Amino acid sequence: MIETRELTHRYGDTVAVDDVSLTVPDGEFLVLVGANGSGKTTLVRQFNGLLDPDEGEVLVNGTPVSENLVAARTAVGMVFQDPRDQLVASTIGGDVAFGPENLGLSREEIDRRVSEALAAVNLDGREDESVHELSGGERERVAIAGVLAMDPDHLVLDEPFTGLDEPARRSVLGRLRALHAEGTGIVVVTHDLRDVLGLADRVVAMADGRVVVDSDPETALAELGGLNVRVPDTVAVGDDGDSGFDSQTARTDRY
Ligand SMILES: Nc1ncnc2c1ncn2[C@@H]1O[C@H](COP(=O)(O)OP(=O)(O)OP(=O)(O)O)[C@@H](O)[C@H]1O
């Protein structure tokens, strides 16, 4: 479980996250949306201590992140917007092994975790391939595998679909669906609800550093429509494809 308590983070005079208290239970698929600059990335980076709060605190599984950074980083795995920034070794297997190696696990345990993580993203048997020759979607999946090899309780992905073509997007979505079904908590930061709405247990929207919507996907859609945030032109909700939005008031497909 991730808990933020009255969390505030500033960059100089800019209050990027403003008094946010949020609880993310184990196993939940949470989608975090909001306008550009609303504070989404700043919020999730504090989930595992990549950024420190100016006020308030974050607890992971009941322990303050400030007291046990390793536990927080192990429990909350983060995949960034451009996974190229995240690949650290030259081969797929080496890259996925990097995290477990830093945990000081046995070679046997590391190899087991690497195999399982690569199987989870459909890259099994490709350990020896160079990461430099991979497509964007494959790199994304290697980055996800690298985080999965840490056996996290929560997988946090910041704009995971940016730059992916349709097959790669489908592939990553399929992996997220399977991981969620197996019990991994998923947090997706995205500007495009169409990608993930059908998978979400909960939608949280931010504006000006604050949480302004926090509800189930269907209710959230109605509430988002009343806010001055940009919404998708078309949003598939459930099976009937009815978003409840008037596409004339839904101005662009970017939040
Ligand atoms: N490193 C930084 N230095 C100064 N200001 C920053 C920095 N990072 C973010 N900000 C500012 O903090 C606010 C929140 O930014 P943040 O990136 O968290 O929002 P976001 O919702 O993730 O935006 P986007 O959808 O554009 O990625 C914005 O006003 C942004 O300009």
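## A walk outward from strand β3

Val33 sits in strand β3, which spans residues 29-34. This is a predicted model, and Val33 is a handy place to start reading it. Is Val33 buried or exposed? Val33 is buried, because 27 other C-beta atoms lie within 10 Å, where 20 or more are enough to count as buried. Along the sequence, Val33 and Phe161 are 128 residues apart, while their C-alpha atoms are 14 Å apart in space.

**The chain as a whole**

Let us step back for a moment. The protein chain holds eight helices and ten strands. It has 255 residues, of which 40% count as buried. Among the contacts with a separation of 6 or more, 63% are between residues 24 or more positions apart.

**Strand β3 and its sheet**

Back to β3. Six of the six residues of β3 are buried, so the strand is largely enclosed by the rest of the structure. In a regular strand the side chains alternate between the two faces of the sheet. Here Phe29, Val31 and Val33 point one way from β3, whereas Leu30, Leu32 and Gly34 point the other way, and all are buried.

The strand belongs to an open sheet of six strands, in the order β6-β7-β8-β3-β9-β10, with mixed pairing. At the edges are β6 (76-79) and β10 (210-215), each of which pairs on one side only. From one strand to the next, the twist averages 20 degrees.

Which strands does β3 pair with? One is β8, paired in the parallel sense over four bridges; within that pairing, Phe29 has Ile186 as its bridge partner in β8. The other is strand β9 (residues 202-207), again in the parallel sense, over five bridges. There, the bridge partner of Val31 is Val203 in β9. Further along the sheet, strand β7 (residues 154-158) runs parallel to strand β8 (residues 185-189) and is joined to it by five bridges, with Leu157 standing opposite Val188 in β8.

Outside this sheet order, β1 and β2 form a hairpin with two residues between the strands, and Gly12 in that hairpin takes a positive phi near 60 degrees. Strand β1 (residues 2-11) runs antiparallel to β2 and is joined to it by seven bridges. Arg10 stands opposite Val15 in β2.

The strand pairings can be set side by side:

| Strand pair | Sense | Bridges | One facing pair |
|---|---|---|---|
| β3 and β8 | parallel | four | Phe29 and Ile186 |
| β3 and β9 | parallel | five | Val31 and Val203 |
| β7 and β8 | parallel | five | Leu157 and Val188 |
| β1 and β2 | antiparallel | seven | Arg10 and Val15 |

**The core and its helices**

Which residues have the most contacts inside the largest nonpolar core? They are Val31, Leu32, Val96 and Ala145, in a core of 63 residues. Helix α5 gives the most to this core, with six residues. Leaving aside residues up to four places away in sequence, Val31 touches Val188, Thr190, Leu193, Val196, Ala200 and Val203.

Helix α5 (residues 136-148) lies across β6 and β7 and runs at about 165 degrees to β6. Helix α5 also helps to cover helix α3: what covers the buried residues of α3 includes α4 (107-120) and α5. In α3 (residues 92-102), the buried residues are Ile92, Gly93, Asp95, Val96, Ala97, Gly99 and Pro100. After α3 comes Gly104, whose phi is positive, near 75 degrees.

**Around the ligand**

Now to the ligand. The residues around it are Tyr11, Thr14, Ala16, Gly34, Asn36, Gly37, Ser38, Gly39, Lys40, Thr41 and Thr42. The elements that give two or more residues to this shell are β2 (14-24) and α1 (40-45). Helix α1 contributes the largest share, three residues. By class, the shell has two nonpolar, eight polar and one charged residues. One of the shell residues, Gly34, is also among the buried residues of β3, which brings us back to the strand where we began.

Helix α1 also holds Arg45. Arg45 is partly exposed, because 19 other C-beta atoms lie within 10 Å, and 20 would be needed to count as buried. Not counting residues up to four places away in sequence, Arg45 touches Leu50 and Leu51. The C-alpha atoms of Arg45 and Ala220 are separated by 23 Å, with the two residues 175 apart along the chain.

Note on methods: Residues numbered from 1 in each chain as written. Predicted model: local features only at pLDDT ≥ 70, side-chain atom pairs only at ≥ 80, totals over all residues. Near = placed C-beta within 6 Å. Nonpolar A, V, L, I, M, F, W, Y, C, P; charged D, E, K, R; others polar. Buried ≥ 20, exposed ≤ 12 C-beta atoms within 10 Å, placed from the backbone. Pairing = 2+ DSSP bridges. Axes fitted to C-alpha atoms, helices over the stretch in contact; angles between N-to-C directions. Contact = placed C-beta atoms within 7 Å. Core = buried A, V, L, I, M, F, W, Y, C linked by C-beta atoms within 7 Å.
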